[in-house]
Amino acid sequence: MTKMVGSGVEGSASHPSVGDIPRLTDHYFLRTKEVVGRFGDQTVTYAVFMRRPVVFTPRLAVRWLEKVAAERGVTFDIKQNFAEGDWVGAGEPLLYITGSFYHLVDLETIYLQKLGAACVAAYNAYTMCVDLPEVAFLAMDARHCAGTEMAEIMAYAASVGSQAARRSANAKGFIGNATTATAHYFGQSSGKGTMPHALIGYAGSTVRAAEMFHETFPNDDLSVLVDYFGREISDGLAVCERFPDLARAGRVSLRLDTHGGRFIEGLDPQSSYAVLERHAPKWIRGYRTKTDLRNLFGTGVWPVAIWHMREQLNSHGWTQVKIVASSGFGPAKCRVMAYSQAPIDVVGTGSFMPDAWGETYATSDIIAYGDQPRVKLGREFLLRRD
């Protein structure tokens, strides 16, 4: 039985329990299990693959299979065809799983749930970190997940993609996440984060929210949302002036989360061109599609907003103050930020989560019954060649 070695402590990857399997697996697998039990078991080999390129993220699926095998008193031979974090092409077998047909047939639904979405999310996280290697990322996906098991899968995936980006591009990658439950995947003992918009509304002003936070957590660095009242620049500078020692020590961050319905304070389409002309001229002088232009100059948190905030901070002497950006930072947005060299220090995002869920479907086909290779017509590419 193959063993996986991973960092951190064991999470809840072992669920669901063996007793839950009949409730959670596809019914036709349960029917097949009964047929095999009646007419005789056989050793089979499954090939598991995906129809798009992914980053190999097998740990949760493999650990669960190992747990089930141990509880059933059987052994599964699990051959991983790649190392965790490797890039895998479309259609390439990720795993070969060999064992009792009777004990494997009812597991397919659940181990595919633990594999497909993780591989796509890891791929997205990897591309984001590689495109912005100097930026630190925080995984803020938990509140967008459909339950705690999905939140674990997504956190694990972000950590795998991040580690792969560190190896290939020396990227900073994901340095933490939002919840303590999955913080161990990022080498942390607890979740990270400071304040939501709700605290700004409660305080009545951005500066007062910063004061309240600092009084409550005096030893923590200060990261303040500045878009609540639409005064990103004014309120950001006011926070710096209220906490000058922290600001000069690089312990103040201003977080931009401006929604897509308006420009950041002080910008409009005409002034946006001027800002990018000063900082990223080569990206506005060539041909750009409407999508490119909207992403460079548009409302919300795009490169022009980041450059504008950096300009204003620097011109007032707050060169050590960091910029945290959030709001839809998926692979496409990170690519735009990269080619415009937007001066971001930290990105908070859950947008590495798969956007097109149909792309997350992993498939498992039996390719051998005993020593006899056999697979449905059209899937011969899955047959073992070793």
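Val48 has Ser364 as its bridge partner in β12. This pairing belongs to a predicted model, and it is a convenient place to enter the fold. Strand β12 covers residues 362–369 and pairs with β1 in the antiparallel sense, over 7 bridges. Elsewhere along this pairing, Thr45 stands opposite Ala368 in β12.

Strand β1 also pairs with β5. The two run antiparallel and are joined by 6 bridges; one bridge partner pair is Thr43 with Ser100 in β5. These pairings are part of an open sheet of 5 strands, with antiparallel pairing and the order β3-β5-β1-β12-β13. The edge strands are β3 (77–80) and β13 (372–373), each of which pairs on one side only.

Helices lie across this sheet. Helix α3, residues 59–72, lies across β3 and β5 (95–100), and runs at about 170 degrees to β3. Helix α5, residues 108–131, lies across β1, β5 and β12, and its direction is at about 30 degrees to β1.

How enclosed is β1? Of its 8 residues, 7 are buried, so the strand is largely enclosed by the rest of the structure. Met50 is in this strand, which spans residues 43–50. Met50 has a relative accessible area of 1%, so it counts as buried, the cut-off being under 20%. Leaving aside neighbours within four places in sequence, Met50 is in contact with Ala90, Gly91, Leu94, Gly116, Cys119, Val120, Glu359, Thr360, Tyr361 and Ala362. Tyr339 is not a close partner in this sense: the C-alpha atoms of Met50 and Tyr339 are 30 Å apart, with their positions 289 residues apart in sequence.

Another part of the chain is organised around helix α9, residues 232–242. The buried residues of α9 are Glu232, Ile233, Asp235, Gly236, Leu237, Val239 and Cys240. They pack against the helices α8 (206–216), α10 (244–248) and α14 (303–315), and against the strands β8 (222–225) and β9 (252–256).

Further along the chain is helix α11, residues 269–279, which contains Arg278. Which side chain does the side chain of Arg278 make a polar contact with? The partner is the side chain of Glu311, at 2.6 Å. Glu311 falls within the residue range of α14 (303–315), the helix named above among those packed against by the buried residues of α9. Arg278 and Val321, by comparison, are 43 residues apart along the chain, and their C-alpha atoms are separated by 21 Å.

Key
Residues numbered from 1 in each chain as written. Predicted model: local features only at pLDDT ≥ 70, side-chain atom pairs only at ≥ 80, totals over all residues. Heavy atoms only, no water. Helix = DSSP H or I, 4+ residues; strand = E, 2+ residues; numbered from the N terminus. Polar contact = N/O pair within 3.5 Å; in protein donor to acceptor, adjacent residues only side chain to side chain. Buried < 20%, exposed > 50% of the residue type's maximum accessible area, 1.4 Å probe, protein only. Contact = heavy atoms within 4.5 Å. Pairing = 2+ DSSP bridges. Axes fitted to C-alpha atoms, helices over the stretch in contact; angles between N-to-C directions.
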